[in-house]
Amino acid sequence: MAQNEIPRAPSRFARARNSDLYYSFTRTPVAIVSAAVVIVLVLAALLAPLIAPHNPFDPGTLNLMNGFTPPGEANAFTGDYFLLGTDDQGRDVFSTMLYGMRISLFVGFSAVMLAMVVGVVLGLLAGYLGGWVESTIMRIADIQLTFPAILVAMLIFGIAKGITPPAYRDQMAIWVLILAIGLSDWVQFARVVRGATLVEKNREYVQAARLVGRAKFSIMIRHILPNVLNPVLVIATISLALAIIAEATLSFLGVGAPPTRPSLGTLIRIGQEFMFSGEWWILLFPAGTLLALALSINLLGDWLRDALNPKLR
Amino acid sequence: MKITGFLAAALLSSTALGASAETIRWARAGDSLTLDPHAQNEGPTHALSHQIYEPLIIRDTTGAFEPALATDWAPSEEDPNVWVFNLRDGVTFHDGAEFTAEDVVFSFERAMSEESDMKELLNSITEIRAVDDHTVEFVTDGPNPILPSNMTNLFIMDKGWAEANDAVGVQDYEGGEQTFASTNANGTGPFVLQSREPDVRTVLTRNDDYWGTSDFPMDVSEIVYTPIQNAATRVAALLSGEVDFIQDVPVQDLGRVGETDGLAVKSTPQNRTIFFGLNLGADDLANDDVEGENPLANKKVRQAMNMAINRDAIKKVVMRDQSEPAGMIAPPFVNGWTEEMDNSVSTDVEQAKALMEEAGYGDGFSIQLDCPNDRYINDEAICQAAVGMLAQIGITVNLDAKPKAQHFPLISNEETDFFMLGWGVPTYDSEYVFNFLVHTKGDDRGSWNALGYSNPELDEKIQSLASETDLEVRDQTIADIWSVVQDDVLYIPVHHQVLNWGMTDAVGTEVDPEDSPKFKYFEMN
Amino acid sequence: MLAYIIRRVAQSLLVLLVTGFVAFSMFSFVGDPIDNMLGQERTQADIDRLRGQLGLDQPFVVQYYRFLEQAVQGNFGLSYRQGRPVSDILMERLPATLELAFVSGFLALAGGIGLGIFTAIRKRGVSANAIMTVSLIGVSLPTFLIGIVLIYVFSVEMGLLPSFGRGEVVRIGGWTTGFLTESGLKALILPAITLGLYQMTLIMRLVRTEMLEVLRMDYIRFARARGIRERSVNFRHALKNTLVPVITITGLQLGSIIAFAIITETVFQWPGVGLLFINAIQFVDIPVMAAYLMMISVMFVGINLIVDLLYFAIDPRLRVDRTAAGGH
């Protein structure tokens, strides 16, 4: 990589990297398939209100008697028909899944964004400024690492639930989840960015920029940031899959999305209760979707890491 | 290296002489909280105590009284304030000590002490007298016709054993105290404690000196009790043959268990009713969208909500037929229950909408429902179903489901507008329901009344029940109180729970309506 | 040297103090133990009496101070749920968790290193790529679901392995072990797989990356050029240099295995500290929750501290940037 030269215009830099990536992408069938799966699923989630035959979040439209309708069969009481069957509340599994995936993706994306922004900013500051800023930030990271992510998330969930006025708890649950997962995840961003910053800040181009009298923050953002973005992108991709799974795990522990507005994870938690009783579709479809989504994102992350790190190819 | 109690017990029992050597492996969701029989008034705790200790009177599997340590009992002919109990002869405790009237006096006084969790059930008793070694008299502050029904979970300990082991006082459970009696047990019961690791495993073996060895089947020679919290794991353990008998079978798995070769499911109506409570006393609700007034204070709104709940659909889908739709908040076992009141509500969405219109809420309103998610059978799913049903009459319900540890404080602190609660009636009498759920909230009555409801006239009637000796008058008062509770729609009843036990074909028992298995009644084939 | 060690230990203590505060503050929000402890028949008077007795009517800071004061002396009080000293209960439950963590850690390490080497050496092979992809399935499903599916397949359908508990255990001094009985060993299999799967994938990927990194180093190329056999290059030279970071990361992962055991233990009713913690949350057993979190923190901070000091001992230059090296 051209790190020793005087920085080029970012657009060309980005374009060049993109074309490298694109080349690698076209030559990696796994990446193409994974990307296709992710795109289809994300589109399906975004367009849920258009695609889904029912709105599972509108309780007034539900008929409890439709509960447990098997896929492709008419309900014994109401005669209604559902493509992928219904769950224990008479919700159409297909629609609920689409809406649930919206929540899962929203929670996942937002949590990773939060973790990334917090982590990158703190990592840059720690790496570039050093001194007490660095030791404070890294000590906080240590404290954070002391608690496993799942415990941190439970902790934040507990506190946030306690200080939220009861009337808003239901709506807040999603935001609290984002906060909980996001804040339990920023440390690895910070550590990687700090490490990379420590390396970059001694390079000649940064020293040159400093000599010309550029401001600290300008150097951080314009010169160092673009050069530490590769590992950040890889971590972000893998974190996205992890965040979606973490949301599911939290819902098993009873601190996830509420059952009236279920995420994929909540659906799986509900579905596993019916695994022995033969209503396999309530578990299988959401679990399969979650697997497809997380696996594809993970595979993309894998490919991305290798592609951005040509040494390993 | 020391072999664990479990191994030792297994070795012992396999070589024991006797009619049969049948181990039963028993699992349920929770564990007993303590071995001290008076420290916690709680289902799983009593269930374990029932194997080791015995009360004077026990309820058999149909819920009827049966003599245990007392052979017979009756109000005294001279004094209406006295109950006379004749005790069983020739009973010994597990350590060999003889059972006498002294032990009964000691145990009741212990159960009435400050730290006891059982004292509320005995608060009418003023004195307990040992007339001779096998006769005891209970003196009450007024005639108390239902005293015996308060005694069926009141276990008798050996006075000498308690004194020798510094266990005279009840374990201060809430204060985190540990006593000899909370980790050891010496009763007269059909089983003897071998080893116990709380929340992990408890082993009991048959008491071959038990007084009732020839009166009951007593087929079980060893009990291995393991709490298994996760419902799927619990069912899996039964399906894979790792346990022989489970309580708390999830309703959706009853079919699977019943169809599996070698397994059976047995059911009985449970002594517990599930219902919704409404904060009708507040001037304004904390979590609704109506400013300046409380929609729930309007009786028409409450009637509309009552009519909107489709109990049959809940029974059919959520409970898979394992419930009995309810029209009143007491199960059929209870004195004061009538079929007419229990069938009094029917679903009628159109009429409910009309009532909402009449009440001035034709456009509906929004409200929050607080619901537990780990307490009653499918509690969260029932609440969710109610959300959909109330949406049909324009009421937008925000459901907040949470663990019981967070739910119940809302009720005790009156911080909820709309909540789910389940209520069992161990005394089988309506007075118990009124005392806790209808009477104005005060220091010793109305502690679960989170309705903000206060009706002095009704309070007076409720208080009169405690000392009314004329049963006919008393029953009439009970009926009067019920009619007010029903007319005012204080609560929205949902259903009476049905209990299900899953077991292998080898296990023969009926289901105990209090969900408390008594293994001396079990037959093993 | 001494100054560094003192500073590092002081920092660790500060971390523990903050951790304790955060942990303790959570308990104001998890619920109220009172209604669990008193039954259906409690009166308002009972509630007030008990609240005072437990000190729950005190301000939060006072409660935290009391807790710290006792905790420093190793006294975490008595469990609300069991009425026994929390430290006794933890000691009783710890062997179960440690054995489970040990077995799954071992599985993860053995499987992860083996598969990692294989996928690195055959980096373009079909089977290596298949392993890389399949291993991702293990981290693309929530742990609880994997556990329940394993129970369904191996216990319910096939009847091969137990679905819950530790089987029969043998007591040696204060330790209980499931290693010495057949049922104990069988009971370990499913939970260990459930818990170890995630870590195994992690280690496998780490080994692969490190291996690939090492394999392109000059000295490996020289070794190849000198005609040393491929097997010898791979295992004698490359693997040796790969293992140091792997062991370090694995050491740090041990703590998170113990933390993640919460979910596995709940699914398999494994009588360890994780299940104890979940029970404590449901029962709002504050002393147990606090003690568990403190124990986990001590464990993590301790491992961190040891790793730091070891690095320092090996190479003083590293001490400044150890945390940076711990990343990716």
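The following legends describe close-up views of a predicted model.

**View 1. Confidence in chain A of the predicted model.** The mean pLDDT of chain A is 83, and 87% of its residues score at least 70. Within chain A, helix 1 (residues 10–26) has the lowest confidence, with a mean of 68. The highest confidence in chain A belongs to helix 2 (residues 29–46), at 93.

**View 2. Packing of helix 4 against helix 10 in chain A.** Helix 4 (residues 93–129) and helix 10 (residues 216–252) of chain A pack with their axes 8 Å apart, at an angle of about 145 degrees. The crossing of helix 4 of chain A past helix 10 of chain A is right-handed. From helix 4 of chain A, the residues in the contact include A:Ser104, A:Val107, A:Gly108, A:Phe109, A:Ala111 and A:Val112, and further along the helix A:Val120, A:Leu124 and A:Tyr128. Helix 10 of chain A contributes residues including A:Lys216, A:Met220, A:Ile224, A:Leu225, A:Val232, A:Ala236, A:Ile244 and A:Glu247. By class, the residues of this contact between helix 4 and helix 10 of chain A comprise 17 nonpolar, three polar and two charged.

**View 3. Helix 8 of chain B and the elements that cover it.** Helix 8 of chain B spans residues 299–308 and is largely enclosed by the rest of the structure, because eight of its 10 residues are buried. The buried residues are B:Val301, B:Arg302, B:Gln303, B:Ala304, B:Met305, B:Asn306, B:Met307 and B:Ala308. Among the elements of chain B that cover these buried residues are three strands, namely strand 12 (263–278), strand 15 (395–402) and strand 17 (491–504). The cover also includes helix 11 (349–358) and helix 12 (379–391) of chain B.

**View 4. Surroundings of B:Thr213 in a loop of chain B.** B:Thr213 lies in the loop that runs between strand 9 (201–206) and strand 10 (220–227) of chain B. B:Thr213 is classed as partly exposed because it has 16 C-beta neighbours inside 10 Å, whereas a buried residue would need 20 or more. When residues up to four places away in sequence are not counted, B:Thr213 touches B:Asp208 and B:Met218. B:Lys520 is 307 residues from B:Thr213 along the chain, and the C-alpha atoms of the two residues are separated by 8.6 Å.

**View 5. Surroundings of B:Trp423 in strand 16 of chain B.** B:Trp423 belongs to strand 16 (residues 418–423) of chain B. Because 19 other C-beta atoms lie within 10 Å, B:Trp423 is partly exposed. Leaving aside residues up to four places away in sequence, B:Trp423 touches B:Arg272, B:Thr273, B:Ile329, B:Val433 and B:Leu437. B:Glu523 is 100 residues from B:Trp423 in sequence, and the C-alpha to C-alpha separation of the pair is 31 Å.

**View 6. Packing of helix 5 against helix 6 in chain C.** Chain C contains 13 helices and two strands, and buried residues account for 45% of its 328 residues. Of the contacts in chain C between residues at least 6 apart in sequence, 70% join residues at least 24 apart. The axes of helix 5 (residues 86–121) and helix 6 of chain C are 8 Å apart and make an angle of about 135 degrees. Helix 5 of chain C and helix 6 of chain C are therefore oblique to each other, and their crossing is left-handed. C:Leu115, C:Phe118 and C:Thr119 of helix 5 of chain C make the contact with C:Ala128, C:Ile131 and C:Met132 of helix 6 of chain C. Five of the residues in the contact of helix 5 with helix 6 of chain C are nonpolar, one is polar and none is charged.

**View 7. Packing of helix 6 against helix 8 in chain C.** The axes of helix 6 (residues 126–139) and helix 8 of chain C come within 8 Å and cross at roughly 140 degrees. That angle makes helix 6 of chain C oblique to helix 8 of chain C, in a left-handed crossing. C:Ser135, C:Leu136, C:Gly138 and C:Val139 of helix 6 of chain C meet C:Leu197, C:Tyr198, C:Thr201 and C:Met204 of helix 8 of chain C. The contact of helix 6 with helix 8 of chain C has five nonpolar and three polar residues, with no charged ones.

**View 8. C:Leu212 in helix 8 of chain C.** Helix 8 of chain C covers residues 182–215 and includes C:Leu212. C:Leu212 counts as buried because it has 21 C-beta neighbours inside 10 Å. C:Phe260 is 48 residues from C:Leu212 along the chain, with 30 Å between their C-alpha atoms.

Conventions: Residues are numbered from 1 along each chain as its sequence is written. Chains are lettered from A and ligands numbered from 1 in the order in which they are written. This is a predicted model: local features need pLDDT of at least 70, side-chain atom pairs count only at pLDDT 80 or more; totals for chains, interfaces and linings use all residues. Helices (H or I, at least four residues) and strands (E, at least two) are DSSP runs, numbered from the N terminus. A residue is buried if 20 or more other C-beta atoms lie within 10 Å of its own, exposed if 12 or fewer, and partly exposed in between; C-beta atoms are placed from the backbone. Two residues are in contact if their C-beta atoms, placed from the backbone, lie within 7 Å. Axes are lines fitted to C-alpha atoms, for helices over the stretch in contact, and angles run from 0 to 180 degrees between N-to-C directions. Angles under 35 degrees count as roughly parallel, over 145 as roughly antiparallel, 65 to 115 as roughly perpendicular and the rest as oblique. A crossing is left-handed if the near helix is turned anticlockwise from the far one by less than a right angle, and right-handed if clockwise. Ala, Val, Leu, Ile, Met, Phe, Trp, Tyr, Cys and Pro count as nonpolar, Asp, Glu, Lys and Arg as charged, and the others, Gly among them, as polar. pLDDT is the predictor's confidence in each residue, from 0 to 100.
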